[in-house]
Amino acid sequence: MKASDLRELSVDDLVAKEKDLAEELFKLRFQHGIRPLENTAKLRQLKKDVARGKTLAGEKLKAEAAS
């Protein structure tokens, strides 16, 4: 997911999206522990997407607090 797409979301939507991505990451890690994944790059991409969501949610919360 692109950062520009995430920037358009509200803080609540960002938190919900981050939770969904974290849950998907957990499931893929679990599956990878049982048997190798076909596309292991998906793990790396999900980790980055979770981090983007957390970063943008934090930025928006700080901006709202400053206003």
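## Lysine 42 and the link between helices

In this predicted model, K42 has a relative accessibility of 36% and therefore counts as partly exposed, since that class lies between the limits of 20% for buried and 50% for exposed. The side chain of K42 meets that of E24 in a salt bridge, with an N to O distance of 4.0 Å. Because K42 belongs to helix 3 and E24 to helix 2, the pair ties together parts of the chain that are 18 residues apart in sequence. The acidic partner, E24, is likewise assigned to the partly exposed class, because its relative accessibility is 33%.

## Overall fold and dimensions

The chain contains three helices and zero strands, and its elements, read from the N terminus, follow the order α-α-α. The radius of gyration is 14 Å, whereas the globule rule gives 11 Å for 67 residues, so the chain is more spread out than a compact globule. Taken along the principal axes, the box filled by the C-alpha atoms has dimensions of roughly 50 × 15 × 15 Å. Of the 67 residues, 22% count as buried.

Helix 2 covers residues 11–34, and helix 3 covers residues 41–66. One pair of positions gives a sense of distance within the model: V15 and I34 are separated by 19 residues in sequence and by 29 Å in space, from C-alpha to C-alpha. I34 itself lies in helix 2, and I34 counts as exposed because its relative accessibility is 59%, where the class begins over 50%.

## Salt bridges within single helices

The structure holds four salt bridges, among them the K42 and E24 pair described above. Another joins E23 to K27, whose closest N and O atoms are 3.3 Å apart. Both E23 and K27 lie in helix 2, where a spacing of four residues corresponds to about one turn of the helix. Each of these two side chains belongs to a residue in the partly exposed class, E23 with a relative accessible area of 44% and K27 with a relative accessible area of 48%.

A further salt bridge is formed where the side chains of D49 and R52 meet, at an N to O distance of 2.7 Å. D49 and R52 are both in helix 3, and their spacing of three residues is again about one turn of the helix. The two partners fall into separate accessibility classes: D49, at 5% relative accessibility, counts as buried, while R52, with a relative accessible area of 29%, is partly exposed. The assignment of D49 follows because its value is under the 20% limit that defines the buried class.

## The positive surface patch

Which residues form the positive surface patch? The patch is made up of R29, R44, K47 and K48, and helix 3 supplies three residues, the largest share of the patch. K47, one of the patch members, is found in helix 3 and is partly exposed, with a relative accessible area of 47%. That value meets the accessibility condition for inclusion, because patches are made of residues with over 30% relative accessible area that form no salt bridge. The latter condition also explains why K42, although it is partly exposed at 36% relative accessibility, does not belong to the patch, since K42 is engaged in a salt bridge with E24.

Terms used:
Residues are numbered from 1 along each chain as its sequence is written. This is a predicted model: local features need pLDDT of at least 70, side-chain atom pairs count only at pLDDT 80 or more; totals for chains, interfaces and linings use all residues. Side-chain values use heavy atoms; hydrogens and water are left out. Patches are made of residues with over 30% relative accessible area and no salt bridge: like charges are joined within 9 Å, nonpolar side chains (Val, Leu, Ile, Met, Phe, Trp, Tyr) within 5 Å. Accessible areas come from the Shrake-Rupley method with a 1.4 Å probe; for residues, only the protein chains shown count as cover. Lys and Arg count as positive and Asp and Glu as negative; His and the chain ends are not counted. The place of a charge is taken as NZ of Lys, CZ of Arg, CG of Asp or CD of Glu. Helices (H or I, at least four residues) and strands (E, at least two) are DSSP runs, numbered from the N terminus. Buried means under 20% relative accessible area, exposed over 50%, partly exposed in between (1.4 Å probe, protein chains only). The radius of gyration is taken over C-alpha atoms; the globule rule is 2.2 Å times the number of residues to the power 0.38.
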